[in-house]
Every structure is written in structure tokens, then in C-alpha cells.
Amino acid sequence: MKLKEYLKLNKISNKEFSKLIGITPVSLSRYISGERIPEKEIVLKIFEFTHGSVSPDDFYFQKKNTQEFNSDQLTLINQMSKQLKNGSKRALAKTITLVESKLKKDKLLVQKIFEKFKVNNNTVRIGITGVPGVGKSTFIESLGLFLIQKSHKVAVLAIDPSSKESGGSILGDKTRMEKLSINPLAFIRPSPSDGHLGGVAKKTHESILCLEEAGYDIIFVETMGVGQAETAVYDMVDIFLVLLLPSGGDELQGIKKGIIELADLIIVNKADNDLKKAAEITQREYRNAIQITGKPRKDHEIDVLMCSSLKSEGFNEIWDFVLNFVNKQKKNKKFYENRESQKTKWMWNSVSNNVNEIISNEIVRNKFILKIKEKVKNKNINIFQASELIIDYFIKNKF
Ligand SMILES: Nc1nc2c(ncn2[C@@H]2O[C@H](COP(=O)(O)OP(=O)(O)OP(=O)(O)O)[C@@H](O)[C@H]2O)c(=O)[nH]1
Ligand SMILES: [Mg+2]
């Protein structure tokens, strides 16, 4: 990073820093402005004092500064942030589209918009999983409407296992939440999974923050109970619900066993009409099963409840459980710790996404990499050497 950025980020004055490395403030400001390039010893000292954040390259190569916005762009950012804060659905949809964009210029805009976001711990982020057809969308629609009646604003991020070929998300979910999607106090966004982590949209965490900024205080994240997506969603929410079908005596359903262990609450859906009896049996079975599997996480007793999403039955009990859970977590500070550690996970996620993006952009057109590929093909070098050379190249030139 440039020295100017480093000093700003670490709140170090020019005077202080020049003293640290033993030069005059005037020389330092010349180095910062690029008017002069420092001597080798000074460059090394700066490298050492900044723990490698400011490297020799930052003085010798003038990278195009893409961080600066012109006044029109700044006005646009301010306008968008304001509209978002006022709850404009248009601004919200636009911001999430920017969040999902892979373009560098959009990423910079997103960063700028996010700078204005305030921490909001008065929201509840709810992850919902279960096998296809268990009724996740119906459940979210009914519970969502139930919560809107209690004066909440409800948002839904449905992570679609969209096929790579179509490149888009299945619209089914939106039509399945017919009533919720037209409600002024609700916002539904199907996110294309982009083939990442078996279905989790890369940008779900960022999208959640946008929704909260726009005033949505209950955020549902729907995902299917079949892949790795669950653990990723689990890492983004405050409470994780697993929906089950009434299976009346069947052993564990077509859901991965590990997913049950992630559950903060298990809900047997479709407890209505002729499925009611089967639902009661499933409830009993799972209540027994969770006792056997031992202590739940988070010092919290998990439970198995029943509901009918079609008939909107059982929601009072479910919502009481959710509120109780969140309040307890807030009391013992786990809620805040959890959100903090999720931020760190988000950071690493973002690092690895960016690194992957940089690498995959280069793989197809970089002459050096193509040469290495050729060498491997001709058996001039082995895979270990090739991977080391490539990593070395990226560290020196691209990161
Ligand atoms: N009897 C009954 N049927 C329900 C209930 N909830 C959902 N269904 C039905 O189950 C079917 C699947 O519901 P969805 O809400 O689309 O299920 P989903 O889990 O979101 O499915 P995917 O998104 O494909 O994974 C639909 O035909 C619903 O009408 C319920 O409480 N009772
Ligand atoms: Mg669904």
C-alpha cells in the first residue's frame, strides 16, 4: 500500500513517522507525493516499520489510483446511501446488484457505500434449511406475514441452486412467496449461487448488511439441506432452523446428519390434516434423538417444534423460541461474539474470493502462467515446482 494510505489508516502523523525513521518531515512529504524517490536504506526502513505494508514497489511503481471518485460519483454514492437508509427498495436492489458484481469499479463503489453503514444489533438473522419440498419457502412466507403483523420488516435471501448453464436464479421461489413478495414491508431476493460452496451466494453476508441498512429487521436466508451451503449460511446467521417432513417412523430423513447438529431449533413442518399424526411421531423421535446426541452448542437447549406453514399454525411457539434464544444469547454476550467472529469469517471469505478471482482472471491470458503450463505438459518441471513458481509470481506481481 502507498505510504500515505498506511499513515492515514494507522492514524500516524507525518511528523511522527518522519521522526521514527530519522528523516525530516519535508523529505517525507516529498516521498509521499512522489516528487522524490527515497534512498534504498530509507525504503527498507519504511518496509520494516510498516511490517511490510509499504514495500519498495510502492515507491518505484506508480499504480493507477483507482480509489479516487469524481464529484459526480460521490454525489451518486451519497444519494444511494441516503435512499437506502430511507428504505427505498429500488436503491436496495441496486446496491445488492453492485454487491454481486464482479467489476472492479462496482466493488469500489460498494466499499464506499458500506463505509456509511452503522452496526445494527437489533436485527435477527435466521437461516432456514431442509430438503427440497419440505416447505421452506411456504414457511418463510407464512412466518414472514405473521411477523409483519407484529410490525417487523422482513427480508428473504433465497439461495438458489441455479444451474451454471442458465446463469440465473430460479424464479420459482419468488412466485411461491406470492403474498410476501407484494407486501410493502417485505423484500425478497433470490441470489444466484454462482456454483460456489454448493449453492451459497458469495455475497450473502454483504447482502444481509444492505437489507439491515434499509431497515429490515428480520432476515431469512433459505438454503437447501443437501450441500456444504448450510455451514456457510450457519456462519452468517444468529439462529439456524432445520425443517423436517413428518415421516412417521422413518429413520433420519434425506438430510445430512451433520445438519441436524447445526440446528438451534428443529421444526416439523406440514403438521396438518392427515400428516398431523406422522408429525407428532417425528417430533417425539427427534426429541429423543437430540437427548442422545448430547449437549447442544451455545449452552442452549434445542427443541423440536411442529407447525403448518399452509395453515399458519404453530408460529407463536416458534417465534417465542427464537426471541428467547436471541435474548439469552444477548444476555450472555454470545450474540455479539458470534457476529464479531462472523465478521472475521466474512473477511477471510472475501480474501479467498478475491484471490480466486485474481487467479482465475490471470490463468487464461497470462503469458507466464501459460508457459508454466506448457513446461508441466512437456514434463520439464513437476507440479510442485510449477505451483511454487506460480504462487511466487502472484505474490510478487499480483497481490
Ligand atoms: N400440507 C402442507 N403442505 C405444505 C406445507 N408447507 C409447504 N407445503 C407444500 O409443500 C410443497 C413444497 O413447498 P415449498 O415451500 O416450495 O418447499 P421448499 O422447501 O421451499 O422447496 P425448494 O425451494 O424446492 O427446496 C408445496 O406444494 C407446498 O404447498 C404445510 O405446512 N402443509
Ligand atoms: Mg424454496
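## A walk through the parallel strands and the ligand shell

Strands S5 (residues 239-244) and S6 (residues 265-268) run parallel and are joined by 4 bridges. That's a handy place to start in this predicted model. In this pairing, Leu241 sits across from Leu265 of S6. Let's follow the bridges outward from here, one side at a time.

On the S6 side, the next partner is S7 (residues 304-306), again parallel, with 3 bridges between the two strands. Here Ile267 is the residue that faces Leu305 in S7.

Now go the other way from S5. This strand also pairs with S1, in parallel, through 4 bridges, and Thr129 of that pairing stands opposite Val242 in S5. S1 has a further parallel partner in S4 (residues 218-222), this time over 5 bridges. If you want a spot to click on, Ile126 has Phe220 as its bridge partner in S4.

So how enclosed is S1? Strand S1 covers residues 124-129, and 5 of its 6 residues are buried, so the rest of the structure largely encloses it. For the chain as a whole, 30% of the 399 residues count as buried.

That brings us to the packing. As a rule for soluble globular proteins, nonpolar side chains tend to be buried together. In this model, the largest nonpolar core holds 64 residues, and the ones with the most contacts inside it are Ile126, Val156, Ile219, Val221, Leu241 and Leu244. Both domain 2 (71-115) and domain 3 (124-338) supply residues to this core, so it lies between them.

Leu241 is worth a closer look, since we've already met it opposite Leu265. Ignoring anything within four places in sequence, Leu241 touches Ile126, Gly127 and Ile128, and also Ala263, Asp264, Leu265 and Ile267. Zooming out to the whole chain, take the contacts between residues at least 6 apart in sequence: 67% of them join residues at least 24 apart. The chain has 19 helices alongside its 7 strands.

Next, the ligand. Which residues come nearest to ligand 1? Out of the 17 residues around it, they are Pro132, Gly135, Lys136, Ser137 and Thr138. Two elements give two or more residues to this shell: helix H9 (136-149) and helix H10 (172-176). Of these, H9 provides the largest share, with 3 residues. Chemically, the shell around ligand 1 splits into 8 polar, 5 charged and 4 nonpolar residues.

Finally, a couple of backbone oddities for anyone who likes to check torsions. Ser312 has a phi near 55°, which is a positive value in a residue other than glycine. You'll find Ser312 in the loop between S7 and helix H16 (315-331). Is Ser312 exposed or partly exposed? It has 15 C-beta neighbours inside 10 Å, so Ser312 counts as partly exposed.

Lys379 is the other one to look at, with a phi near 60°, again positive in a residue other than glycine. Its place is the loop that links helix H18 (367-377) and helix H19 (383-397). With 7 C-beta neighbours inside 10 Å, Lys379 counts as exposed.

Methods: Residues are numbered from 1 along each chain as its sequence is written. Chains are lettered from A and ligands numbered from 1 in the order in which they are written. This is a predicted model: local features need pLDDT of at least 70, side-chain atom pairs count only at pLDDT 80 or more; totals for chains, interfaces and linings use all residues. A residue is buried if 20 or more other C-beta atoms lie within 10 Å of its own, exposed if 12 or fewer, and partly exposed in between; C-beta atoms are placed from the backbone. Two strands pair if DSSP finds at least two bridges between them. A residue is near a molecule or strand if its C-beta atom, placed from the backbone, lies within 6 Å of it. Ala, Val, Leu, Ile, Met, Phe, Trp, Tyr, Cys and Pro count as nonpolar, Asp, Glu, Lys and Arg as charged, and the others, Gly among them, as polar. Two residues are in contact if their C-beta atoms, placed from the backbone, lie within 7 Å. A nonpolar core is a set of buried Ala, Val, Leu, Ile, Met, Phe, Trp, Tyr and Cys residues joined through C-beta atoms within 7 Å. Domain bounds come from an automatic or database domain assignment.
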